[in-house]
Amino acid sequence: MLKKLVLFDIDGTLLKVSSINRRILMDALLEIYGTEGSAATHDFSGRMDSTIIYDVLDGTGLTRHAIEGKFDAAKQSYIRRFRKETKTSDITLLVGVRELLNDLASRSNILLGLLTGNFEASGRHKLQLPGIEHYFSFGAFADDGFHRNDLPSVAVERAYRITGKRFIGQDIVIVGDTVHDITCARVLDGRSIAVATGNFSMDELQKHKPSDLFENLSRTENVIHSILKP
Ligand SMILES: [Mg+2]
């Protein structure tokens, strides 16, 4: 019987993408808006792709209305370029991820999903390249909103539609590498498992009091034990 809904972040948690990601965003913004804004230096970790477009164009003189008017074109340009230009060699699967997903997928009490600031199309391409996309039948993405804290309820609703089970509270587990992942787990009183394989250290993550904290996901049994905690 299904017991836990486990929602994985992508970047810094399951895998890392080379600097090509930043260059593709810069190219897309330049094409659509005529400027790349602060995309060369902006901190993307834990942020939503939807919000990033607005944030990096802030200060360019473009009004919010002007940004909004071309937002879909910019999103499509980014996704098209990302799918065309990003290769398997640009993706580094993080240690233990494949083993952990394999194990989780074999358990009938666990439902796997995504909770990520990626747009779905580019996020799924990142997962396809190293062959882990099939583990995730659904998720909540940057297409679903501008705030990460809006995503847990989207994911829970989709899980309900697929399984007929309404996951609540501590049966919702969010696995991520930033403070934003930890914070968004609190929205539905869920549990957070933080992993220090992104841009945040164990000490930095600990300050935000995740339910559990791991240096990486290599100790499959320990991570699963944490996921299954009541
Ligand atoms: Mg991340």
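# Helix packing and domain contact in a predicted model

The crossing of helix 5 and helix 10 is right-handed, a crossing being called right-handed if the near helix is turned clockwise from the far one by less than a right angle, and left-handed if anticlockwise. The structure is a predicted model, in which local features require a pLDDT of at least 70 and side-chain atom pairs count only at pLDDT 80 or more, whereas totals for chains, interfaces and linings use all residues. Residues are numbered from 1 along each chain as its sequence is written. Helices (H or I, at least four residues) and strands (E, at least two) are DSSP runs numbered from the N terminus.

## Helix pairs

Helix 5 comprises residues 97-105 and helix 10 residues 220-227; the two pack at an angle of about 45 degrees, with their axes 10 Å apart. Axes here are lines fitted to C-alpha atoms, for helices over the stretch in contact, and angles between N-to-C directions run from 0 to 180 degrees. Helix 5 and helix 10 are therefore oblique to each other. Under this scheme, angles under 35 degrees count as roughly parallel, over 145 as roughly antiparallel, 65 to 115 as roughly perpendicular, and the rest as oblique. On the side of helix 5, Glu-99, Leu-100, Asp-103 and Leu-104 meet Thr-220, Val-223 and Ile-224 of helix 10, where contact requires that the C-beta atoms of two residues, placed from the backbone, lie within 7 Å. By class, this contact of helix 5 with helix 10 holds four nonpolar, one polar and two charged residues. Ala, Val, Leu, Ile, Met, Phe, Trp, Tyr, Cys and Pro count as nonpolar, Asp, Glu, Lys and Arg as charged, and the others, Gly among them, as polar.

Helix 4 takes part in two of the packings described here. With helix 1 (residues 20-33), helix 4 (residues 71-85) packs at an angle of about 140 degrees, the axes being 9 Å apart. This makes helix 1 oblique to helix 4, and helix 1 passes helix 4 in a right-handed crossing. From helix 1, the contact is made by Ile-20, Ile-24, Leu-25, Asp-27, Ala-28, Leu-29, Glu-31, Ile-32 and Tyr-33, and from helix 4 by Ala-73, Ala-74, Ser-77, Tyr-78, Arg-81, Phe-82 and Glu-85. These residues of helix 1 and helix 4 divide into 11 nonpolar, one polar and four charged.

The axes of helix 4 and helix 6 come within 9 Å and cross at roughly 10 degrees. Helix 4 is thus roughly parallel to helix 6, and helix 4 passes helix 6 in a left-handed crossing. Here Tyr-78, Ile-79, Phe-82 and Arg-83 of helix 4 meet Ala-121, Ser-122 and His-125 of helix 6; the residues in this contact comprise four nonpolar, two polar and one charged.

| Helix pair | Angle | Axis separation |
|---|---|---|
| Helix 5 and helix 10 | about 45 degrees | 10 Å |
| Helix 1 and helix 4 | about 140 degrees | 9 Å |
| Helix 4 and helix 6 | roughly 10 degrees | within 9 Å |

## Domains

The domain assignment gives domain 1 (4-17 + 90-227) and domain 2 (20-88); domain bounds come from an automatic or database assignment. Taken over C-alpha atoms, the centres of domain 1 and domain 2 are separated by 24 Å. Domain 1 contributes 21 residues to the contact and domain 2 contributes 17 residues. On the side of domain 1 that touches domain 2, helix 6 (120-128) and helix 8 (179-186) are the elements that give two or more residues. That side of domain 1 is made up of nine nonpolar, nine polar and three charged residues.

## Buried and exposed positions

In helix 8, His-180, Asp-181, Ile-182, Cys-184 and Ala-185 are buried, a term that applies if 20 or more other C-beta atoms lie within 10 Å of a residue's own; 12 or fewer make a residue exposed, and counts in between partly exposed, with C-beta atoms placed from the backbone. Among the elements that cover the buried residues of helix 8 are helix 7 (151-163), strand 6 (172-176) and strand 7.

Leu-114 lies in strand 4 (residues 110-115) and is buried, with 24 other C-beta atoms within 10 Å. Leaving aside its neighbours within four places in sequence, Leu-114 is in contact with Leu-7, Phe-8, Ile-10, Gly-123, Phe-136 and Gly-139. Leu-114 and Arg-124, 10 residues apart in sequence, lie 9.8 Å apart in space, C-alpha to C-alpha.

Two loop residues other than glycine have a positive phi: Asp-189, near 60 degrees, and Lys-209, near 55 degrees. Asp-189 is placed in the loop between helix 8 and strand 7 (191-195) and counts as exposed, with 11 C-beta neighbours inside 10 Å. Lys-209 is placed in the loop between helix 9 (202-206) and strand 8 (212-214); Lys-209 is exposed, with 11 other C-beta atoms within 10 Å.
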